[in-house]
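Here are a few short exercises to work through with the model open in your viewer. Try each task before you read its solution.

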Amino acid sequence: MLTFEDSFEVKTTPENAYSQVADMEALVKLVPDLISHEQVSETEMKLTAKAGVSFIKGKFDLILDVTDKTENREITLKGRGNGSGASVDFTLNFRFTGDGDITKVDWKAEMNVVGTAASMGARMMKSASQKYITKLVKSYKNALEGETVE
């Protein structure tokens with residue numbers, strides 16, 4: 001199991017920070033290298049995205065669920081999927097604290113990858129996973145700051 005966590009402060013309200021993750025249409029815009037998406041329900045979405053480790057790259061089909069919501073305070077995303085000879089399960093939790101227009105966002109990601117990609121070596125897998133999660137969180141922070149999501 002790979003675990004990554006960090007926090008950042010952003011000039012927005014906790015309500016706005018929460019809504020960017022709770023709204024599936026806003027959330028999907030944050031996913032790096034998104035190829036396609038389909039909303040299945042209010043809290044579930046099917047995604048296809050590009051991902052990989054080193055020279056092993058390809059498409060991953062994912063199911064993303066928004067779970068464990070405490071409005072304007074905390075939200076958890078759970079995902080699972082497979083592609084390119086690997087499967088992944090992950091949980092990404094966001095916690096929002098703040099008063100007024102400054103919000104601290106604490107986040108924690110836990111990820112389990114099995115298959116060809118996992119056999120590439122622990123350090124390489126950890127580096128690639130961290131890069132992908134960091135890119136997702138950076139897109140989220142940029143969206144909150146009103147910057148273009150890459």
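Partly exposed means a relative accessible area between the buried limit of under 20% and the exposed limit of over 50%. Keep in mind throughout that this is a predicted model.

**Exercise 1. Confidence**

Find which element has the lowest mean pLDDT and which has the highest.

Solution. Start with the whole protein: its mean pLDDT is 84, and 87% of its residues reach 70 or more. Then go through the elements: helix 3 (residues 122-144) comes lowest with a mean of 77, while strand 2 comes highest with 92.

**Exercise 2. A bridge to helix 3**

Work out where the salt-bridge partners lysine 135 and aspartate 33 sit, and classify the exposure of aspartate 33.

Solution. First, check the pair: the side chains of lysine 135 and aspartate 33 form a salt bridge at 3.7 Å, N to O. Next, place both ends: lysine 135 belongs to helix 3, and aspartate 33 to the loop between helix 2 (24-28) and strand 2, so the pair links distant parts of the chain, 102 residues apart. Finally, aspartate 33 has 36% relative accessibility and therefore counts as partly exposed. Lysine 135, at 39%, is partly exposed as well.

**Exercise 3. Two strands, one pair**

Decide whether aspartate 65, a partner of arginine 80, is buried or partly exposed.

Solution. The side chains of arginine 80 and aspartate 65 meet in a salt bridge of 3.0 Å, N to O. Arginine 80 lies in strand 5 (residues 74-83) and aspartate 65 in strand 4 (residues 56-70), 15 residues apart. Now apply the limit: aspartate 65 has a relative accessible area of 15%, so this residue is buried. Arginine 80 has 37% and is therefore partly exposed.

**Exercise 4. Around histidine 37**

List the contacts of histidine 37 beyond its neighbours within four places in sequence.

Solution. Locate histidine 37 in strand 2 (residues 34-39). With those neighbours set aside, its contacts are Glu25, Val28, Met45, Lys46 and Leu47. For Glu25, twelve residues away along the chain, the C-alpha separation from histidine 37 is 9.7 Å. Histidine 37 is partly exposed because its relative accessibility is 36%.

**Exercise 5. The core**

Which residues touch the most other members of the largest nonpolar core?

Solution. Among its 39 residues, they are Phe94, Phe96, Trp107 and Tyr140. Follow up with tyrosine 140: beyond its neighbours within four places in sequence, its contacts include Phe94 and Phe96, along with Phe8 and Val105.

Key
Residues are numbered from 1 along each chain as its sequence is written. This is a predicted model: local features need pLDDT of at least 70, side-chain atom pairs count only at pLDDT 80 or more; totals for chains, interfaces and linings use all residues. Side-chain values use heavy atoms; hydrogens and water are left out. Helices (H or I, at least four residues) and strands (E, at least two) are DSSP runs, numbered from the N terminus. Buried means under 20% relative accessible area, exposed over 50%, partly exposed in between (1.4 Å probe, protein chains only). Contact means heavy atoms within 4.5 Å. pLDDT is the predictor's confidence in each residue, from 0 to 100. A nonpolar core is a set of buried Ala, Val, Leu, Ile, Met, Phe, Trp, Tyr and Cys residues joined through side-chain atoms within 4.5 Å. A salt bridge is a side-chain nitrogen of Lys or Arg within 4 Å of a carboxyl oxygen of Asp or Glu.
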